[in-house]
Amino acid sequence: MKFGRKIKYLIIYLSLILFCTIGCKKSGPVDGGGNDDNNNCEPIETPPGVWQLLGLEIETVTAIAVHPTNPCIIYAGSAFDFSAGKLGYLFKTTNSGKSWDTLIRGGSYIDIVLDPSNPEIIYAVPYSLLKSTNGGLTWRPIMNGIRIDWETRVGSFALDTRNTNIMYAGTGGFYGGRFYKSTDGGENWRDISRDSLHDGVINIAIDPNNSNILYAGTPWRGILWKTTDAGETWFRTGLGETSSMIDAVAVSPFNSNIVYARVRFMGLYKSNDGGTTWDKTQIPDSIGVFTILFSKLRPSFIYL
């Protein structure tokens, strides 16, 4: 039974790779609810508290990225669902969601990251790592040095905004995972997990004030690790071993000592001393938090 199950997942995994390989090119548009062409775009403005549908309503959108200087350009990734017959897609709009181009067919996208120094360079994470250098027209895998198999997949990715040649990726699966670092834009990867991170890494946060400081959250034992030397050595934060999942972690861009971490089923925690001690916030334990964002203008404002 176990062998048969492995064969089943291997076939699914190889099918996803095949879909991605044959679909990593721009194809036809998907209607997003408007008919303006790409050259007549104005960013969507809505009053506070009002939400507007941008299309893709039949998809389960799991990743979004907006161009840093042109808000008309948005990337969106959806989830692969074998039982529902959904392949998962990577989409792009250049007219604020009035229409969408399908960039990649196949995959389950957990993250999309644009290089802030050159937004034509894009990284997509559909359980592996893909890179485009031309705004999503073509893609190629960047997995040299990263080990994945039928049940181990890339589950986290982070780009150093101060030096975008430096990036980190974490893998995970039933039998654990590893933590990797690249210093050449993803062309080659080095395992920096040591014994500390052999559970796998499902969340990565780079201190926006000091990129030598990183936090890495693990599944299973649920430990939040910290490094102050860009991944060469690691130590546990004061959260200890939570026996759960570290679902999200973020460092304040205004104060490196302020760190938030969400522990699954245990709540959202805040540290005022760089992770040494933690206080539980008033967010109910039952509310899932998978993204933590800070306001760029108001230090006391965060979004979950």
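L56 lies in the loop between β1 and β2, and in this predicted model the residue has a positive phi of about 60° although L56 is not a glycine. With a relative accessible area of 8%, L56 is buried. A second residue other than glycine with a positive phi is Y127, for which the angle is near 75°. Y127 is placed in the loop between β7 and β8 (130–132), and its relative accessible area of 23% makes it partly exposed.

**Charges over rings**

Y127 also takes part in a contact with a charged side chain, since R153 lies over the face of its ring, at 4.2 Å from the ring centre. A further arrangement of this kind involves R298, which sits over the face of F301 at 4.8 Å from the ring centre. The two contacts are set out below.

| Charged residue | Ring | Distance to ring centre |
|---|---|---|
| R153 | Y127 | 4.2 Å |
| R298 | F301 | 4.8 Å |

**The disulfide**

The loop between β1 (29–31) and β2 also holds C41, while C72 is found in the loop between β2 and β3. These cysteines are joined by a disulfide, with an S to S distance of 2.0 Å, and the count for the model comes to one disulfide. In general, such a link is a covalent bond between the sulfur atoms of two cysteines. The angle about the S-S bond is -105°, and the link of C41 and C72 is left-handed. The pair connects distant parts of the chain, its members being 31 residues apart. How do the partners stand with respect to solvent accessibility, buried or partly exposed? C41 has 22% relative accessibility and therefore counts as partly exposed, whereas C72, at 4%, counts as buried, the cut-off for burial being under 20%.

**Aromatic pairs**

A search of the whole structure finds seven aromatic pairs. One of these, formed by Y123 and F157, is tilted, with 5.4 Å from centre to centre and 35° between the planes. This pair links distant parts of the chain, because Y123 belongs to strand β7 (residues 122–125) and F157 to strand β10 (residues 153–159), 34 residues apart. Both partners count as buried, Y123 at 1% relative accessibility and F157 at 8%.

Another pair brings together F179 and W234, whose ring centres are 5.5 Å apart and whose planes stand at 70°, so the pair is edge-to-face. F179 is in strand β12 (residues 179–182), and W234 is in the loop between β16 (223–227) and β17 (235–241), so that this pair, too, links distant parts of the chain, 55 residues apart. F179 and W234 are both buried, and together with Y168 they form one aromatic cluster.

**The second largest pocket**

As a general matter, rolling a probe the size of a water molecule over the atoms shows where empty space is left. In this model the second largest pocket contains about 900 Å³ of space. Its lining is made up of 22 residues, of which I44, W51, L54, V66 and I74 lie nearest the centre of the pocket. The elements that contribute two or more residues to this lining are β2 (61–66) and β3 (74–78). Which kinds of residue, nonpolar, polar or charged, make up the lining? The residues divide into 17 nonpolar and five polar, with no charged residue in the lining of this pocket.

Key:
Residues are numbered from 1 along each chain as its sequence is written. This is a predicted model: local features need pLDDT of at least 70, side-chain atom pairs count only at pLDDT 80 or more; totals for chains, interfaces and linings use all residues. Side-chain values use heavy atoms; hydrogens and water are left out. On a 1 Å grid over the protein atoms alone, a cavity is a set of points where a 1.4 Å probe fits but cannot get out, and a pocket is an open set with protein on both sides within 12 Å along at least five of seven lines; lining residues have an atom within 4 Å of a point. Grid points are joined across faces, edges and corners, and a volume is the space filled by probe spheres set on the points. Helices (H or I, at least four residues) and strands (E, at least two) are DSSP runs, numbered from the N terminus. Ala, Val, Leu, Ile, Met, Phe, Trp, Tyr, Cys and Pro count as nonpolar, Asp, Glu, Lys and Arg as charged, and the others, Gly among them, as polar. A disulfide is a pair of cysteine sulfur atoms within 2.5 Å. Buried means under 20% relative accessible area, exposed over 50%, partly exposed in between (1.4 Å probe, protein chains only). Rings of Phe, Tyr and Trp (its six-membered ring) pair if their centres lie within 6.5 Å; planes under 30 degrees apart count as stacked, over 60 as edge-to-face and the rest as tilted. A charge sits over a ring if NZ of Lys or CZ of Arg is within 6 Å of the ring centre and within 35 degrees of the ring normal.
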